[in-house]
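Colleague: Could you take me through one part of this model closely, and then show me how it sits in the rest of the protein? I would enjoy a connected account.

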Amino acid sequence: MGGQKIIKSVAIIGAGPAGAVTAAAFEAEKYFDHIRVFERRETAGGTWIYDRDPGSVPLHLRPGKLPLDIDPPLDLPDRLPAITAPSQQERFSKTPVYESLMTNVPDIAMSFSDLKFAYGPFAPHYIPRQYVENYFSSHHADDFLVLNTTVEDLSRQPPTATAGRSPPWKLTLRQYDPLRKADVWWEETFDAVVLANGHYSVPYVPRVKGLDEYIQRFPGRVTHSKPYRSPLPYSGKKVLVIGNSASGIDITKELLGSAQLPVYQSRRSKSRWDGDTAPDGIEWKPIIEEYRSDGRIVFADGTYLDDVDHVIYCTGYLPSFPFWNEKANGRPLWDYASQKIVKGYWHTFFQDFENLGIVGLPRALTFRSFEYQAIALARLFSGRASAQLPQVQEQERWEREREARTKRDRKRFHDIPWETGENLKYLGGLFDIAGLGTLTGEGMIPPVLSKELIWAYENLRRYKPPTNDKGGDHSRGGSKASEQKGEDEDGDWAMVGPDSISL
């Protein structure tokens with residue numbers, strides 16, 4: 001990879017946490033001549049940017065549809081550079097951050113090893129956003145930023161005549177010019193590209209019998225959690241929340257102080273934060289079987305709800321890469337059936353594109369795991385890696401065996417569990433590739449997995465473990481709703497023992 005081919009220019013797509021540490025790692029090598037970070041928003045911060053106004057036009061929900069349908073690529077101008085009328089296509093650039101959102105991972109894992117959070121262990125959403133901005137500046141990487149600029153096409157080019165170089169990548173870029181009220185388009189070419197564009201943009205709503213017709217018959221009644229900001233619009237309303245992961249729990253609890261009680265929560269299965277009975281003010285329901293034209297919502301156990309005012313889907317997001325030119329690159333980037341990158345290795349590298357990487361994809365040790373990925377890629381692309389990637393056949397075997405194992409165990413391909421020790425193996429592999437910096441100080445050094453970090457990750461929880469006392473609160477977090485319901489004064493977070501952990 002980096003030890004075989006010459007790479008001097010690098011494009012990084014996305015200026016969130018993954019993009020920030022990637023820019024810092026590549027800058028620290030003091031090897032690359034040209035580094036650019038393309039970010040479609042007006043500032044760095046990624047998914048932690050808070051949009052007080054989620055948009056005047058509600059998201060058009062399309063149950064069961066994939067990003068390929070919901071977030072398609074734009075039509076490119078015939079010739080570049082070009083100036084065109086502003087695109088009106090929804091690009092899902094607003095973030096899902098709500099007013100009371102706080103981090104739910106201890107600050108030592110939510111920060112990079114060389115710069116701490118302002119405070120912790122858990123912090124409001126503006127702290128990580130400020131942190132990402134400061135990280136760019138503190139590593140002299142803010143000059144790399146090209147803001148308000150969307151990568152609309154990424155195409156691999158034919159091999160160059162220059163010996164020792166892989167086929168370069170061409171980026172087609174679009175930037176809105178407010179003075180001319182027009183989109184400005186141009187192209188740039190780079191030796192290598194790192195994808196750091198995150199995967200919390202395009203909301204997913206599952207297909208349910210009658211849901212499409214229900215959405216049309218009752219406009220505005222069904223929403224996704226992405227534009228949710230505050231419980232105030234739901235005051236006195238009958239609300240059904242779908243999902244019981246982090247956002248589902250936060251929003252359900254927040255609604256207790258304003259919505260009509262009980263707040264209904266539909267769950268496919270019990271989450272690790274749930275007790276044996278629902279908290280006061282919340283009524284659990286099973287999955288929805290059918291939406292009926294008269295407004296009735298029927299559940300899998302035969303029970304039903306009438307006269308529901310709002311249905312909020314807290315069902316997550318699907319990765320979207322609308323800039324990926326499948327025709328030019330010879331294949332898709334993402335396999336939606338298997339929920340994984342195509343021809344990937346170690347959740348970071350690509351078997352068939354030695355000058356392409358991805359940072360921030362696996363669910364592992366959050367920000368800190370991004371750091372290991374970024375440093376490993378910077379070492380490989382600069383030709384200074386302590387260990388090269390295995391042969392392609394070995395990479396293919398890793399992908400094939402992991403896919404078979406995760407399907408058998410009903411796990412997600414890019415989820416890396418902590419309690420099994422797999423996280424240590426994953427980070428260790430990146431650590432071995434990166435190695436140390438040079439004798440004269442070039443390059444970031446991958447951090448140690450300290451006892452302090454391990455203790456915090458295993459013992460600090462924002463959501464308290466369930467008590468299982470009837471009528472008691474079983475999932476205490478740091479939301480405003482919790483405070484309104486008169487919880488313990490230490491309700492923002494809890495210390496738990498290792499026996500209580502189930503990641």
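Modeller: Gladly, and let us start with helix 8, residues 392-408, in what is a predicted model. Helix 8 has 17 residues and spans 24 Å from its first C-alpha to its last, close to the 24 Å expected at 1.5 Å a residue. Its buried residues are Gln395, Trp398, Glu399, Arg402, Glu403 and Thr406. They lie on the same side of helix 8 because they cover an arc of only 120 degrees around the axis. The general rule behind such a pattern is that an α-helix has 3.6 residues a turn, so residues three or four places apart point the same way. Turn to the other side of helix 8 and you find Gln393, Arg400 and Arg408 exposed.

What lies over the buried residues? The cover of helix 8 includes strand 20 (340-341), strand 21 (344-345), strand 22 (349-350) and helix 9 (422-434). After helix 8 comes arginine 410, with a positive phi near 60 degrees.

Just before helix 8 in sequence there is helix 7, and that takes us to the nonpolar interior. Helix 7 (residues 366-382) gives 10 residues to the largest nonpolar core, the largest share from any element. That core has 85 residues, and Phe26, Phe136, Leu255, Phe349 and Phe381 touch the most other members. A second core, separate from this one, has 25 residues, among them Ala11, Val151, Trp169 and Leu356. As a general matter, nonpolar side chains in soluble globular proteins tend to be buried together.

A loop residue is also worth a visit. Tryptophan 48 sits in the loop between strand 2 (34-38) and helix 2 (67-70). Tryptophan 48 counts as buried because its relative accessibility is 12%, and the cut-off is under 20%. Leaving aside residues up to four places away in sequence, tryptophan 48 touches Pro17, Val97, Leu101, Thr103, Met110, His125, Pro128, Arg129 and Phe367. Of these, arginine 129 is 81 residues away along the chain, yet the two C-alpha atoms are separated by 5.0 Å.

Next, the strands. Strand 17 (residues 310-313) is covered on both faces: His310 and Ile312 are buried on one side, Val311 and Tyr313 on the other. In general, the side chains of a regular strand alternate between the two faces of the sheet. Strand 17 runs parallel to strand 10 (residues 222-224), joined by three bridges, with histidine 224 partnered by tyrosine 313. Strand 11 (residues 239-242) also pairs with strand 17 in the parallel sense, over four bridges, and here leucine 240 stands opposite valine 311.

Elsewhere, an open sheet of three strands has the order 14-15-16 and antiparallel pairing. Its edge strands are strand 14 (288-291) and strand 16 (304-305), each pairing on one side only. Strand 14 meets strand 15 (residues 297-299) over three bridges, and tyrosine 291 has isoleucine 297 as its bridge partner.

Finally, the whole protein. It has 11 helices and 25 strands, and 55% of its 503 residues count as buried. Among contacts between residues at least 6 apart in sequence, 69% join residues at least 24 apart. The average pLDDT is 89, with 90% of the residues scoring at least 70. One stretch needs care: over residues 468-503 pLDDT stays under 50, although the model has 95 contacts beyond four places in sequence for them. Where pLDDT is low, the predicted coordinates should not be read in detail.

Technical notes: Residues numbered from 1 in each chain as written. Predicted model: local features only at pLDDT ≥ 70, side-chain atom pairs only at ≥ 80, totals over all residues. Heavy atoms only, no water. Pairing = 2+ DSSP bridges. Helix = DSSP H or I, 4+ residues; strand = E, 2+ residues; numbered from the N terminus. Core = buried A, V, L, I, M, F, W, Y, C linked by side-chain atoms within 4.5 Å. Buried < 20%, exposed > 50% of the residue type's maximum accessible area, 1.4 Å probe, protein only. pLDDT = per-residue confidence, 0-100. Contact = heavy atoms within 4.5 Å. Expected span 1.5 Å × (residues − 1). Arc of directions from axis to C-beta.
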